[in-house]
Amino acid sequence: MKLPWLKFYPGDWLSDEALRSCSVEARGLWVDILCLMAKSETHGHLLIGGKPARAEQIARIVGLLPQKTMELIDELSSSGVFSLDNETIISRRMVKDERVRKSDATRKMNQRHGDVLPMSKECPENVTGQKLETRSQKPEARGQNRERGLRPTLPQWLANAKEIGWPEADAETAFFYYGSVGWMIGNKPMKNWKLCARTCQRRNQTTTKKGNQPMNDNHRNSCYSPPTYKVMGFARREDWVKAGCP
């Protein structure tokens, strides 16, 4: 796998006795070879076009004569800087790092999807249990539940009020009230705003039938909606109008 970066350990580079025993030219060539290995299809293997790189190809890439390049490669080889795998120059450290990287990626994948992999191994092939079509319906049901629990917008709230026959003025006042309290009912979040709207609409109908009797503050239900100017922090409607609000 090609990576856009290359791990480099300055401490290991300076403390590697085999590498430090080589000439500066050989060490410089080895840096270029490491970069070519990082770009290779097989990380840590010196391949060009999927085949082992030849000295002539390396010489053209690094800008040296083929004979000089071969001498430097022999110097690196005699010092044990690299290994050979079927005539392919490899970096032992890069191969090891790539193996560790793949192992870590597999381990993280198993941790994230550990509940899925064991089921696929333990479940026999001839099991005739719940159909996949039935399980695929569950996300849709969960999506509907999430939709019910979302906070509605004012157009959605008023459209629902129109469907259930709730006067728009009362519905708008209730919308601003619940918005001011964070769509909470008591100390719990609202789970289904459509049911809440229908409950408020029915209670408002019951209150209207009893007449215009003054409401006792001790008996106000949870759907009581104060006027909009009070919700916005004004004591009187005149102050609300003076502030330039409709």
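**Loop residues, helix packing and a pocket in a predicted model**

Asn-86 lies in the loop between strand 3 (83-85) and strand 4. In this model, which is predicted, Asn-86 has a positive phi of about 55 degrees although it is not a glycine, and with a relative accessible area of 69% the residue is exposed, because the cut-off for that class is over 50%. For context, most residues other than glycine have a negative phi. A positive phi of about 55 degrees is also found at Trp-183, likewise not a glycine, which sits in the loop between helix 10 (168-180) and strand 5 (184-185). Trp-183, however, has a relative accessibility of 8% and therefore counts as buried. A further positive phi, of about 85 degrees, is taken by Gly-63 just after helix 4.

The protein chain as a whole contains 13 helices and six strands, and of its 246 residues 26% count as buried. Among the contacts in the chain with a separation of 6 or more, 56% are accounted for by residues 24 or more positions apart.

Helix 4 (residues 55-62), the helix that Gly-63 follows, has as its buried residues Ala-55, Gln-57, Ile-58 and Ala-59. The elements covering these buried residues include helix 3, strand 1 (47-48), strand 2 (51-52) and helix 5 (66-78).

Helix 3 is also a packing partner of helix 6, whose buried residues pack against helix 3 (24-39) and strand 4 (88-90). Helix 6 covers residues 92-112, and at 1.5 Å a residue its 21 residues should span 30 Å; the C-alpha atoms at its ends are 31 Å apart, which agrees with that expectation. Buried positions in helix 6 are Met-94, Val-95, Asp-97 and Glu-98. Viewed down the helix axis, the buried residues of helix 6 fall within an arc of 165 degrees, so they line one face of the helix. The face of helix 6 that is turned away from this buried side carries the exposed residues Arg-99 and Gln-111.

Helix 6 also takes part in the second largest pocket, for which a volume of about 550 Å³ was computed. This pocket is lined by 23 residues, of which Tyr-9, Ser-91, Arg-93, Met-94 and Asp-97 are the closest to its centre; Met-94 and Asp-97 are also among the buried residues of helix 6. At least two lining residues are supplied by each of helix 1 (10-15), helix 3 and helix 6, and the most is given by helix 6, with eight residues. Sorted by class, the lining of the second largest pocket comprises twelve nonpolar, two polar and nine charged residues.

Another set of contacts involves Trp-166, which lies in the loop between helix 9 and helix 10. The relative accessibility of Trp-166 is 5%, and the residue therefore counts as buried, the cut-off being under 20%. When neighbours within four places in sequence are left aside, Trp-166 is in contact with Trp-157, Ala-161, Ala-171, Ala-174, Ala-197, Cys-200, Gln-201 and Asn-204. The C-alpha atoms of Trp-166 and Gln-205 are separated by 8.8 Å, although these residues are 39 residues apart along the chain.

One of the contact partners of Trp-166 is Gln-201, which is found in helix 11 (residues 193-209). With 6% relative accessibility, Gln-201 counts as buried. Apart from residues up to four places away in sequence, Gln-201 touches Ile-164, Gly-165 and Trp-166.

Leu-154 is placed in helix 9 (residues 154-164), and at 25% relative accessibility this leucine counts as partly exposed. Beyond residues up to four places away in sequence, Leu-154 touches Glu-172, Phe-175 and Phe-176. With Phe-175, Leu-154 also shares a C-alpha separation of 7.1 Å, the two residues being 21 residues apart along the chain.

Notes: Residues numbered from 1 in each chain as written. Predicted model: local features only at pLDDT ≥ 70, side-chain atom pairs only at ≥ 80, totals over all residues. Heavy atoms only, no water. Helix = DSSP H or I, 4+ residues; strand = E, 2+ residues; numbered from the N terminus. Expected span 1.5 Å × (residues − 1). Buried < 20%, exposed > 50% of the residue type's maximum accessible area, 1.4 Å probe, protein only. Arc of directions from axis to C-beta. Contact = heavy atoms within 4.5 Å. 1 Å grid on protein atoms, 1.4 Å probe; cavity = no way out; pocket = protein on both sides within 12 Å on 5 of 7 lines; lining within 4 Å. Points joined across faces, edges and corners; volume = space filled by probe spheres on them. Nonpolar A, V, L, I, M, F, W, Y, C, P; charged D, E, K, R; others polar.
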